[in-house]
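Good morning, everyone, and thank you for making the time. Please have a look at the sequence and the structure on the screen, and then I will walk you through them.

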Amino acid sequence: MTVRGSGRPPQDLATRSEIHDFVVRFYREVALDELLCPIFEEVAEVDWTTHIPKLIDFWCRALLGEPGYDGWFLAAHEHVDATQRFEPEFFDRWLALFVGAVDAEWTGPKADAAKAHAHHMAAVLARRLDVDHQIQSTT
């Protein structure tokens, strides 16, 4: 049994609690990242106290089928892109941080599904925002 960074055996993202821990870990890294932080903090002016619960709801819906998230992720990103054009490296960094955060603590079918879903979201977002970039698989 492999013990990960938290000192506990790896678990899957199979509960709301695990998804909460993942979302907090991942977005902490995003908030500290020199490339992505300005997009979230200065352009999107994200209020993390309201955004994190929405992200937890989003990932609980995506991975567990739980109701609660009723938004459409494209709309918020279109608004940000209108202010600050998304660059290809933003997608690559976001996806690399996402996969790294999953792999640091979680393993299993739900963790794999989260990485696949994130890859799909990045590809859809790049295509819909007309960013000339092919999203590379990091899994």
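**Around Ala118**

Leaving aside residues up to four places away in sequence, Ala118 touches Trp59, Trp94, Leu95 and Phe98. I should say at once that what you are looking at is a predicted model. Ala118 has its place in helix α6, and it counts as buried because its relative accessibility is 0%, where the cut-off for buried is under 20%. One of the residues that Ala118 touches is Phe98, and although Ala118 and Phe98 are 20 residues apart in sequence, their C-alpha atoms are 7.6 Å apart in space.

Let me stay with α6 for a moment. How far apart should the ends of this helix be? With 20 residues at 1.5 Å a residue, α6 should span 28 Å, and its end C-alpha atoms are 28 Å apart, so the two values agree. The buried residues of α6 are Ala111, Ala114, Lys115, Ala118, Met121, Ala122, Val124, Leu125 and Ala126, and you may want to mark them on your own copy. After α6 comes Asp130, which has a positive phi, near 60°.

Now let us step back to the whole chain. It has 6 helices and 0 strands, and, read along the sequence, the pattern is α-α-α-α-α-α. Buried residues make up 38% of the 139 residues. If we take contacts between residues at least 6 apart in sequence, 75% of them join residues at least 24 apart. The accessible surface of the chain comes to about 7700 Å², and 52% of that belongs to carbon and sulfur atoms.

The next helix I would like to discuss is α3, which covers residues 48–64. Its 17 residues reach 23 Å from the first C-alpha to the last, close to the 24 Å expected at 1.5 Å a residue. The buried residues of α3 are Trp48, Ile52, Leu55, Ile56, Phe58, Trp59, Cys60 and Leu63, and just after this helix Gly65 takes a positive phi of about 75°.

That list brings us to the aromatic rings. How many aromatic pairs does a search of the whole structure find? The search finds 10 of them. In one pair, the rings of Phe26 and Tyr27 have their centres 4.5 Å apart and their planes at 70°, so this pair is edge-to-face, given that planes over 60 degrees apart count as such. Phe26 is buried, and Tyr27 is buried as well. Trp59 and Phe98 form another pair, a tilted one, with 5.1 Å from centre to centre and 40° between the planes. This pair links distant parts of the chain, since Trp59 belongs to helix α3 and Phe98 to helix α5, residues 88–105, with their positions 39 residues apart in sequence. Both Trp59 and Phe98 are buried. Ring pairs also link Phe22, Phe26, Tyr27, Trp48, Phe58, Trp59, Trp94, Phe98 and Trp106 into a cluster, and you will recall that Trp59, Trp94 and Phe98 are among the residues that Ala118 touches.

Let us turn to the largest pocket, which has a volume of about 800 Å³. It is lined by 33 residues, and the closest to its centre are Phe40, His51, Leu55, Ala76 and His77. Which helix gives the largest share of this lining? The answer is α3, with 7 residues, while α2, α3, α4, α5 and α6 each supply at least two residues of the lining.

Before I stop, I would like to visit two loops. Phe86 lies in the loop between α4 and α5, and it counts as buried because its relative accessibility is 9%. The C-alpha atoms of Phe86 and Ile39 are separated by 8.9 Å, although these residues are 47 residues apart along the chain.

Asp33 is found in the loop between α1 and α2. Is Asp33 buried or exposed? With a relative accessible area of 10%, Asp33 is buried, and, again not counting residues up to four places away in sequence, it touches Pro38, Arg93 and Leu97.

Thank you for listening, and I am happy to go back to any part of this on the screen.

Conventions
Residues numbered from 1 in each chain as written. Predicted model: local features only at pLDDT ≥ 70, side-chain atom pairs only at ≥ 80, totals over all residues. Heavy atoms only, no water. Helix = DSSP H or I, 4+ residues; strand = E, 2+ residues; numbered from the N terminus. Expected span 1.5 Å × (residues − 1). Buried < 20%, exposed > 50% of the residue type's maximum accessible area, 1.4 Å probe, protein only. Phe/Tyr/Trp six-rings, centres within 6.5 Å; stacked < 30°, edge-to-face > 60°. Contact = heavy atoms within 4.5 Å. Areas by Shrake-Rupley, 256 points an atom, 1.4 Å probe, with all protein chains shown as cover. 1 Å grid on protein atoms, 1.4 Å probe; cavity = no way out; pocket = protein on both sides within 12 Å on 5 of 7 lines; lining within 4 Å. Points joined across faces, edges and corners; volume = space filled by probe spheres on them.
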